[in-house]
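Hi,

Here is the structure I promised to pass on. Have a look at it first, and then read my notes below.

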Amino acid sequence: MRDVKLVDIFNHHITRKYVIRSGLSHAIAVSYHSFRLGKERGLDVDSAAKAGFLHDIGHYTWYKDGKWNYDLYKQNDIHAIKGAERAHKLLIRLGENPIKAKEIALAILFHTDSFLPGGNVIRTPLQTVIKLADEKDEEEGGLHHTRTLSIKRALESLERLDQRIDHLKQN
Ligand SMILES: [Fe+2]
């Protein structure tokens, strides 16, 4: 039995605010990719799907004169750090197992090395999965952050993924 489901995460107002801001469609696509890759590699699919769904929860929009400024983003972005902390707090509040909450937070922290000066991280298998899953859904010019998806469709997708996770956990 899982302590927290993807739908529980999605229904929290913190998720609604930040995950929608960074792209709901992208978050769900990465969650599905993470689930699949995690399954292939024999990892905990629940942690993989959650980390994939929340990986960009720390994003901030870097605007200058009403327009997205990519240089400003490159220079100042710490979304992986913010995201790890935000996701951890959210998961603990929802009643997630602390060991799992930490594992998910670290997978979010290391899903990109954009914030690290050296850029070289030795990743655990779960951290690698989240990075690969994110790259699978990336579009030129950050367009993956702006694809839209209705709340209703998002909920249906997450419910389906929850069912797949529950099914695997039972067997
Ligand atoms: Fe992403």
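Is the crossing of α7 and α8 left-handed or right-handed? It is right-handed, where right-handed means that the near helix is turned clockwise from the far one by less than a right angle, and left-handed means anticlockwise.

Before the rest, two notes. This is a predicted model, where local features need pLDDT of at least 70 and side-chain atom pairs count only at pLDDT 80 or more, while totals for chains, interfaces and linings use all residues. Residues are numbered from 1 along each chain as its sequence is written.

Back to that pair: the axes (lines fitted to C-alpha atoms over the stretch in contact) of α7 (residues 98–109) and α8 (residues 125–136) come within 8 Å and cross at roughly 45°. Helices here are DSSP runs of H or I, at least four residues, numbered from the N terminus. At the contact (C-beta atoms, placed from the backbone, within 7 Å), E103, L106 and A107 of α7 meet L126, Q127 and I130 of α8.

Now for α2, residues 13–22. T15, Y18, V19 and S22 are buried there, meaning that 20 or more other C-beta atoms lie within 10 Å of their own (12 or fewer counts as exposed, in between as partly exposed). Those four sit on the same side of α2, because they cover an arc of only 95° around the axis, taken from the directions from the axis to the C-beta atoms. H13 and K17, on the other side of α2, are exposed. The cover over the buried residues includes α1 (6–10), α3 (24–40) and α6 (79–94). Just after α2, G23 has a positive phi of about 115°.

Cheers

Key. Helices (H or I, at least four residues) and strands (E, at least two) are DSSP runs, numbered from the N terminus. Two residues are in contact if their C-beta atoms, placed from the backbone, lie within 7 Å. Axes are lines fitted to C-alpha atoms, for helices over the stretch in contact, and angles run from 0 to 180 degrees between N-to-C directions.
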